[in-house]
Amino acid sequence: VEVSMRMEPIDKFGPNPMVQKIVDKHQSCLKELDTAPLFNCEGEQLSSKTNRIQQTSLGTKLVSSLRDALGADCCVLNAGNIRGNKVYEEDKKYFTYNDLKTEIPFDAEMVVMPLPGQVISDTVKFTREKSFLDPPVSFGGYMQISDDMTFDDATQSVTHIKGEPLDPEKIYSCGILFMVMTGVDNITPLMDWASGNSHLFPTDACSELGRPAKLLLVDYFSKAIWYQMGAFKDIDQDNKGYISPEDVAKAAEKHFKEPVAKIYVDNVMRAADVNKDGKITKDELMRVNMMNAWARRDMDLNKDGVLDKEEVETFAKKILGEDFDHTLVDTLFTKLDTEGKGHIDGRAVEQWLSKSFNLHTVRVPGQPLDRTEIKAVQDRLMQQAGSKETTDMCRLRVLFVNDVYELDNWPRFITAVNNLTEDKENTIVLLPGDFVAPSLLSSLDHARGMIDC
């Protein structure tokens with residue numbers, strides 16, 4: 001039996017006209033997401049290219065933002081959950097909802113776990129070992145880490161967390177993918193820790209503990225923009241005494257230097273509008289700024305890692321004005337300082353953010369809220385279901401394409417299939433990888449575009 005394989009470059013085939021029309025029709029619904037910004041990236045060279053063998057700039061940005069959204073000490077995320085594998089244009093102005101959904105197509109449920117420093121270091125080392133081979137071997141479990149962590153290539157170990165030398169015995173709150181804790185990518189150091197500390201990882205409660213990464217990030221950036229838009233008086237331009245959606249649209253346009261999509265304005269409003277009356281008051285603005293890690297860092301005037309009431313009041317004066325109501329700070333401070341310590345520390349913030357997170361606070365087109373991913377894994381854990389392997393063999397000429405997330409090349413692919421299968425017997429065409437999901441378009445049109453093509 002002779003076996004041969006070759007790669008056929010798709011760009012040498014012209015697009016099939018009929019399929020191109022179908023593609024153009026279905027992709028029209030993506031246009032609004034291209035004008036829905038998440039964060040400014042001017043001056044940054046963002047890349048997720050080859051993130052399974054190296055730390056990337058976008059990996060750092062997204063994982064650091066997840067850390068801040070979770071209120072954790074640090075955060076790690078398997079590279080297999082960041083799927084764009086692209087270098088963004090140097091003149092790119094902002095990272096959009098479209099970009100996010102392309103990069104993180106899965107639910108990617110995140111949890112915060114109390115992990116010893118040594119376990120974190122061993123885990124990151126384990127996932128990166130293949131990248132040090134010659135040549136490097138790609139691994140979906142390769143951990144992208146947050147910007148407060150330092151990994152030393154020479155010793156292959158994490159040397160710093162929170163910008164300070166790692167303490168092997170110290171317990172750090174670490175944001176991590178829920179599925180990794182259950183065996184995905186078979187990361188031995190983490191699985192060994194989880195098996196010996198099952199009381200800290202209650203699988204029956206994980207559907208309540210886990211939070212989807214996309215929603216976390218959209219929620220985080222929808223809250224972060226409030227601090228970037230400025231003080232209350234700067235946003236409430238006509239002195240109504242409250243901030244309206246129109247005010248947000250104008251302030252966001254000023255920040256991003258061009259008009260933003262309605263979905264963006266709606267999410268920014270929902271992120272702050274506690275009573276859902278369509279207006280943002282001074283106490284709601286103060287609350288949403290307290291949820292922003294950058295704002296909290298600026299509040300911490302003496303940089304001791306905790307916030308006292310005087311520091312919060314100084315910040316309130318800056319954001320709300322000299323005549324702000326001091327009871328707003330008193331109420332907010334009491335909510336966070338539940339143990340009566342007289343200050344707000346990282347643990348208090350983490351607990352408050354966890355309680356405050358709501359799946360319905362912001363919306364991402366196509367993002368399901370039924371927690372299918374985490375529930376499926378939970379069921380697997382509970383039932384201990386095994387998988388069966390097949391050893392069937394076939395002797396055929398096979399044409400296949402793998403992992404299709406966009407429609408752009410379908411017209412050329414159809415032409416290629418027609419040309420390569422013409423007058424060929426015993427030939428089949430396969431698509432063995434991702435297809436109807438996890439695709440950005442499929443999440444919006446329920447895979448109609450993929451099926452039609």
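In this predicted model, helix H3 (residues 57-70) and helix H8 (residues 213-229) cross at roughly 75°, and their axes come within 9 Å. H3 is therefore roughly perpendicular to H8. Leu62, Ser65, Leu66, Asp68, Ala69 and Leu70 make up the H3 side of the contact. On the H8 side stand Ala213, Leu216, Leu217, Tyr220 and Phe221. By class, nine of the residues in this contact are nonpolar, one is polar and one is charged.

Now step back to the whole chain. Its secondary structure comes to 20 helices and 14 strands. The chain has 453 residues, and 48% of them are buried. Take the contacts between residues at least 6 apart in sequence: 75% of these join residues at least 24 apart. The chain exposes about 22,700 Å². Carbon and sulfur atoms supply 51% of that area.

Next comes a sheet of five strands. The sheet is open, its order is S5-S2-S9-S4-S10, and its pairing is mixed. Strand S5 (143-145) and strand S10 (211-212) are the edge strands, and each pairs on one side only. Further in, strand S2 (residues 74-78) pairs with strand S9 (residues 171-177). The two run in the parallel sense, over two bridges. Cys75 can serve as a landmark here, since the residue opposite is Gly175 in S9. Helix H6 (residues 188-196) lies across two strands of the sheet, S9 and strand S4 (109-116). The direction of H6 is at about 80° to S4.

Stay with the edge strand S10 for a moment. Pro212 is found in this strand. Is Pro212 buried or exposed? With a relative accessible area of 2%, Pro212 falls under the 20% cut-off, so Pro212 counts as buried. Phe106 lies 106 residues away from Pro212 along the chain, yet their C-alpha atoms are separated by 8.6 Å. In sequence, S10 ends at residue 212 and H8 starts at residue 213. Ala213 of H8 is among the residues that meet H3.

A second sheet has three strands. This sheet is also open; the order is S6-S7-S8 and the pairing is antiparallel. Its edge strands are strand S6 (150-152) and strand S8 (164-165), each with pairing on one side only. S6 and S7 run antiparallel and are joined by three bridges. Across this pair, Thr150 stands opposite His160 in S7. Two bridges join strand S7 (residues 157-161) to S8, again antiparallel. Here His160 stands opposite Pro165 in S8. His160 thus has Thr150 opposite in one pair and Pro165 opposite in the other. Ile161 has Glu164 as a bridge partner in S8.

Helix H5 (residues 117-128) packs on this sheet. H5 touches S6 and S7, and its direction makes about 135° with that of S7.

The turns of the second sheet deserve a look. Most residues other than glycine have a negative phi. S6 and S7 form a hairpin with four residues between them. In that turn, Gln156 has a positive phi of about 50°. The hairpin of S7 and S8 has two residues between the strands. There Lys162 takes a positive phi near 60°.

Where else does phi turn positive in a residue other than glycine? One such place is Asn239, with phi near 55°. Asn239 lies in the loop between helix H9 (232-235) and helix H10 (245-256). Its relative accessible area is 63%, so Asn239 is exposed. Lys303 is not a glycine, and its phi is positive too, at about 55°. Lys303 is found in the loop between helix H13 (293-299) and strand S11 (307-308). Lys303 is exposed, with a relative accessible area of 54%.

One peptide bond closes the tour. Most peptide bonds are trans. The bond from Asp134 to Pro135 is cis, with omega near 5°. Pro135 has its place in the loop between H5 and S5. That loop links two elements already met: H5 packs on the sheet of S6, S7 and S8, while S5 is an edge strand of the five-stranded sheet.

Key. Residues numbered from 1 in each chain as written. Predicted model: local features only at pLDDT ≥ 70, side-chain atom pairs only at ≥ 80, totals over all residues. Heavy atoms only, no water. Axes fitted to C-alpha atoms, helices over the stretch in contact; angles between N-to-C directions. Parallel < 35°, antiparallel > 145°, perpendicular 65-115°, else oblique. Contact = heavy atoms within 4.5 Å. Nonpolar A, V, L, I, M, F, W, Y, C, P; charged D, E, K, R; others polar. Pairing = 2+ DSSP bridges. Buried < 20%, exposed > 50% of the residue type's maximum accessible area, 1.4 Å probe, protein only. Areas by Shrake-Rupley, 256 points an atom, 1.4 Å probe, with all protein chains shown as cover.
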